[in-house]
Each structure stands twice: as structure tokens, then as C-alpha cells.
Amino acid sequence: MYAVINSGGKQIKVTPGDIVRLELLKGNAGDQVSLENVLLVNNDENIQIGTPVVKGVKVSGTIVAQGRGDKIIVFKFKRRKMYRRKTGHRQSYTAVRVDSIG
């Protein structure tokens with residue numbers, strides 16, 4: 001059994017027991033979270049495809065950790081113009097363990 005959810009503008013395939021990194025959600029480690037934007041559900045015998053979401057289905061999970069990803073360097077450069085800008089970025093994330101789909 002698996003589902004495709006929409007969170008933070010990204011589509012993620014999840015199965016029960018998976019730990020997935022989502023865009024930052026409110027809550028602390030150990031809190032329950034419910035994801036309602038379920039786009040597709042496959043439970044081994046039939047497939048439900050939403051228009052745009054599947055009604056009555058949600059993915060429930062537990063927040064494992066709140067964190068920040070690795071730093072990426074953003075460097076803007078224009079040759080012969082002495083234009084150089086160097087900045088860094090660290091994206092915040094929420095690690096969620098998927099408990100059930102239904």
C-alpha cells in the first residue's frame with residue numbers, strides 16, 4: 001500500500017513506516033500530524049486517483065525531528081563588471097514517520 005501526497009509544493013510517494021522529509025510543519029518532535037492532500041492511493045487491489053485530491057483519505061504520521069538541511073552556496077557573477085554576490089541558504093525541514101494511510 002502506498003500513497004502520493006502533496007506537501008510544500010512537492011509530490012511525495014509514502015508507505016507506512018517511511019520517514020520522509022517535508023517542508024517545515026508546525027509542531028515538536030513526538031506530535032501527531034495529519035496530511036490531507038492525498039493525490040493517489042494504491043492498496044494493492046485498486047487505485048484511487050483524486051481530482052485533485054482523494055476525498056476521505058488522509059495520511060497520519062508522527063514528527064520525528066525538526067531540522068535544517070546542508071548549506072548551499074548561491075554565487076552570482078557577471079564577468080568584466082566586477083559584480084559578485086555570495087550568499088548561503090539552509091532549508092528547514094520536518095522529518096515525519098508515516099504511521100497509517102486511510
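Ile73, Phe75 and Phe77 make a nonpolar surface patch of about 330 Å². The model is predicted. One member of the patch, Phe77, is found in strand S8, residues 72-78. Phe77 has a relative accessible area of 46%, so this residue counts as partly exposed. In a regular strand, side chains alternate between the two faces of the sheet.

**Buried strand residues**

Three strand residues give a contrast in setting. The table lists their relative accessible areas.

| Residue | Strand | Relative accessible area |
|---|---|---|
| Thr94 | S10 | 0% |
| Val38 | S5 | 0% |
| Asn42 | S5 | 13% |

Thr94 lies in strand S10, which covers residues 92-101. Its relative accessibility is 0%, so Thr94 counts as buried. The side chain of Thr94 still has polar partners. A polar atom of that side chain lies 2.9 Å from the backbone nitrogen of Leu25. The side chains of Thr94 and Gln66 are joined by a polar contact of 2.6 Å. Beyond four places in sequence, Thr94 touches the run Val20, Arg21, Leu22, Glu23, Leu24 and Leu25, along with Ile63, Ala65 and Gln66. Leu25 and Gln66 therefore appear both as polar partners and among the residues that Thr94 touches, given the 4.5 Å contact limit.

Val38 belongs to strand S5, residues 38-42. With a relative accessible area of 0%, Val38 is buried. Not counting residues up to four places away, Val38 touches Ala3, Val4 and Ile5, and also Pro52, Val53, Val54, Val57, Lys58 and Val59. The C-alpha atoms of Val38 and Gly50 are separated by 7.5 Å, with the two residues 12 apart along the chain.

Asn42 also lies in S5. Its relative accessible area is 13%; the cut-off for buried is under 20%, so Asn42 is buried. The side chain of Asn42 reaches the backbone nitrogen of Asp44 at 3.1 Å. Leaving aside neighbours within four places, Asn42 is in contact with Met1, Tyr2 and Ile47.

**The S1-S2 hairpin**

Strand S1 spans residues 2-7 and strand S2 spans residues 10-14. They pair in the antiparallel sense over 5 bridges. Ser7 stands opposite Lys10 in S2. The two strands form a hairpin with 2 residues between them. Gly8 sits in the turn and has a positive phi of about 65 degrees. S1 also links back to S5: Val38 touches Ala3, Val4 and Ile5, and Asn42 is in contact with Tyr2.

Technical notes:
Residues numbered from 1 in each chain as written. Predicted model: local features only at pLDDT ≥ 70, side-chain atom pairs only at ≥ 80, totals over all residues. Heavy atoms only, no water. Helix = DSSP H or I, 4+ residues; strand = E, 2+ residues; numbered from the N terminus. Buried < 20%, exposed > 50% of the residue type's maximum accessible area, 1.4 Å probe, protein only. Polar contact = N/O pair within 3.5 Å; in protein donor to acceptor, adjacent residues only side chain to side chain. Patch = residues over 30% accessible without salt bridge, like charges linked within 9 Å, V, L, I, M, F, W, Y side chains within 5 Å. Areas by Shrake-Rupley, 256 points an atom, 1.4 Å probe, with all protein chains shown as cover. Salt bridge = Lys/Arg side-chain N within 4 Å of Asp/Glu carboxyl O. Pairing = 2+ DSSP bridges.
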